[in-house]
Amino acid sequence: MSLHIDKLSVTDSKIEGLQIINAKMVTEGRGTVRELYRQSSYSSFLPNTVSAWSQVNLTRTQRGAVRGLHGETMSKLVTVAYGSAFGVYVDTRVNSKTIGAVVTVKLTPGVQVFVPQGVCNGFQALDENTEYLYFFDNEWAPGMSGVALTPLDAELGIEWPISIDPNNREQISEKDSKAPSLSEVLALQSSKKNS
């Protein structure tokens, strides 16, 4: 097989600051090398506030299971290392021009999403043992400020590829299923802003 190179490319989304990235990939007879991050390349489009990754997590998730929607005070670069996922991103930032916007992305190895602080991130695994990879610019800590939304909020208009049973704890955690809706989060943020 001959050498094939897919160049790094970046696309903006309808959420301000959320970017969809196709990583550089080099494929030849032995397989593929994906360049998950190169500072000299990524610094041309990531915000200046992201100067280094402080924590990297990898989750393994069963097909149909959902994680999120969480928007902590950290920027994230997310992708899948194995399998595929239906990524969902919701803007909950009070001063954002795109507050309330929802973006969905099918994540496969090589497709990444840069998620700015305050934008909720979640996904549903589409394959068994999907491995979802997170790069964080801040270390996670208990009690860290941020918001969480329920992935079950009908007002978000998310068409999950695999139906979600809100009572199946192997598919969705109790914490995620009982998180507030977007309208509840925005009302709470508005009352805090005005007090």
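This report walks through strand pairing, nonpolar cores, aromatic pairs and salt bridges in a predicted model.

**Strand E8 and its partners**

A good place to start is strand E8, which spans residues 76-82. E8 is mostly covered, with five of its seven residues buried. On one side of the pairing story is strand E11 (residues 111-115), which runs antiparallel to E8 and is joined to E8 by four bridges. Within that pairing, Leu77 stands opposite Phe114 of E11. E8 also pairs with strand E13 (residues 130-136), again in the antiparallel sense, and here there are six bridges. In this second pairing Val80 stands opposite Tyr132 of E13.

**The nonpolar cores**

Tyr132 turns up again in the largest nonpolar core, which has 20 residues. Tyr132 is one of the residues with the most contacts inside that core, a group that also contains Leu18, Tyr89, Val105, Leu107 and Val113. Six elements each give two or more residues to this core: E8, strand E9 (85-91), strand E10 (102-107), E11, strand E12 (119-125) and E13. A second, separate core has 18 residues, including Val147, Leu149, Ile162 and Ile172. As a general point, nonpolar side chains in soluble globular proteins tend to be buried together.

If you would like to explore one residue in your viewer, try Tyr132. Leaving aside neighbours within four places in sequence, its contacts include Asn57, Leu58 and Thr59, as well as Val78, Thr79 and Val80 from the E8 range. Leu107, Tyr89 and Phe123 are also among the contacts of Tyr132. Tyr132 counts as buried because its relative accessibility is 0%, below the 20% cut-off.

**Aromatic pairs**

The model holds eight aromatic pairs. In one of them, Phe123 and Tyr132 are stacked, 3.8 Å centre to centre with 10 degrees between the planes. Phe123, like its partner, has 0% relative accessibility and counts as buried. Tyr134 and Phe136 form another stacked pair, at 5.4 Å centre to centre and 20 degrees between the planes. Both Tyr134 and Phe136 are buried. Elsewhere, ring pairs link Tyr37, Tyr42, Phe45, Trp53 and Phe135 into a cluster.

**Salt bridges**

A search of the whole structure finds six salt bridges. Three of them are set out here.

| Salt bridge | Closest N to O distance |
|---|---|
| Arg30 and Glu28 | 2.6 Å |
| Arg93 and Asp91 | 2.9 Å |
| Glu174 and Lys178 | 3.0 Å |

The surroundings of these residues are worth a look. Arg93 and Asp91 are both buried. Arg30, in contrast, is exposed, because its relative accessible area of 78% is over the 50% cut-off. Lys178 is exposed as well, at 59% relative accessibility, while Glu174 counts as partly exposed at 43%.

**Two residues to check**

Asn129 lies in the loop between E12 and E13. Which sign does the phi of Asn129 have? Asn129 has a positive phi of about 60 degrees, although it is not a glycine. For background, most residues other than glycine have a negative phi. Asn129 is partly exposed, with a relative accessible area of 31%.

Gly31 sits in strand E5 (residues 31-35). With a relative accessible area of 28%, Gly31 is partly exposed. Gly31 and Trp53 are 22 residues apart along the chain, and their C-alpha atoms are separated by 27 Å.

Conventions:
Residues numbered from 1 in each chain as written. Predicted model: local features only at pLDDT ≥ 70, side-chain atom pairs only at ≥ 80, totals over all residues. Heavy atoms only, no water. Buried < 20%, exposed > 50% of the residue type's maximum accessible area, 1.4 Å probe, protein only. Pairing = 2+ DSSP bridges. Core = buried A, V, L, I, M, F, W, Y, C linked by side-chain atoms within 4.5 Å. Contact = heavy atoms within 4.5 Å. Salt bridge = Lys/Arg side-chain N within 4 Å of Asp/Glu carboxyl O. Phe/Tyr/Trp six-rings, centres within 6.5 Å; stacked < 30°, edge-to-face > 60°.
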